[in-house]
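User: Hi! Could you walk me through this structure? I'm new to this.
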Amino acid sequence: MRSIRIKIAVMIVCVCHRVSDRDIAIAASSGCPSFEALQDDLRVATACGACHDCACSIFEESRVEGATSHARGVAIPIKALMAA
């Protein structure tokens with residue numbers, strides 16, 4: 001059987017604190033209750049603020065996708081994390 005290597009691109013959203021889109025998506029889909037709680041945990045968008053809109057958008061998208069996936073009892077697809 002042939003093995004396949006998949007490279008998953010990660011985008012650094014918050015350069016000041018080196019927080020990636022994947023970090024945000026994992027926290028959001030794991031039940032982080034609010035963007036403010038995410039900021040407390042990851043420190044995203046707490047320094048210069050340039051990433052605030054992008055980070056907030058990724059958080060909201062991941063929270064919605066995570067909530068619907070967990071409600072159905074299925075795992076979150078990797079493509080959902082990559083799209084964020």
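Analyst: Happy to! One term to start with: a residue is called buried when its relative accessible area is under 20%. Also, keep in mind that this is a predicted model.

User: Thanks! Which residues are buried in H2?
Analyst: In H2, the buried residues are Phe35, Ala37, Leu38 and Gln39.

User: And what happens just after H2?
Analyst: There, arginine 43 has a positive phi of about 65°.

User: New topic: how many aromatic pairs does the structure hold?
Analyst: It holds one. Phenylalanine 35 and phenylalanine 59 have ring centres 6.0 Å apart, and their planes sit at 65°, so they are edge-to-face.

User: Where in the chain are those two?
Analyst: Phenylalanine 35 belongs to helix H2 (residues 35-42) and phenylalanine 59 to helix H3 (residues 52-72). They are 24 residues apart, so the pair links distant parts of the chain.

User: Are they buried or exposed?
Analyst: Both phenylalanine 35 and phenylalanine 59 are buried.

User: Okay, what about disulfides, how many are there?
Analyst: Zero, after a search of the whole structure. Cysteine 16 is in no disulfide, and the nearest cysteine sulfur, in cysteine 48, is 3.8 Å away.

User: Why doesn't that count as a bond?
Analyst: The sulfurs would have to be within 2.5 Å. At 3.8 Å, the sulfur of cysteine 48 is too far from that of cysteine 16 for a bond.

User: Last one: is cysteine 48 buried or exposed?
Analyst: Cysteine 48 counts as exposed, at 58% relative accessibility. Cysteine 16 is partly exposed, with a relative accessible area of 45%.

Terms used:
Residues are numbered from 1 along each chain as its sequence is written. This is a predicted model: local features need pLDDT of at least 70, side-chain atom pairs count only at pLDDT 80 or more; totals for chains, interfaces and linings use all residues. Side-chain values use heavy atoms; hydrogens and water are left out. Buried means under 20% relative accessible area, exposed over 50%, partly exposed in between (1.4 Å probe, protein chains only). Rings of Phe, Tyr and Trp (its six-membered ring) pair if their centres lie within 6.5 Å; planes under 30 degrees apart count as stacked, over 60 as edge-to-face and the rest as tilted. Helices (H or I, at least four residues) and strands (E, at least two) are DSSP runs, numbered from the N terminus.
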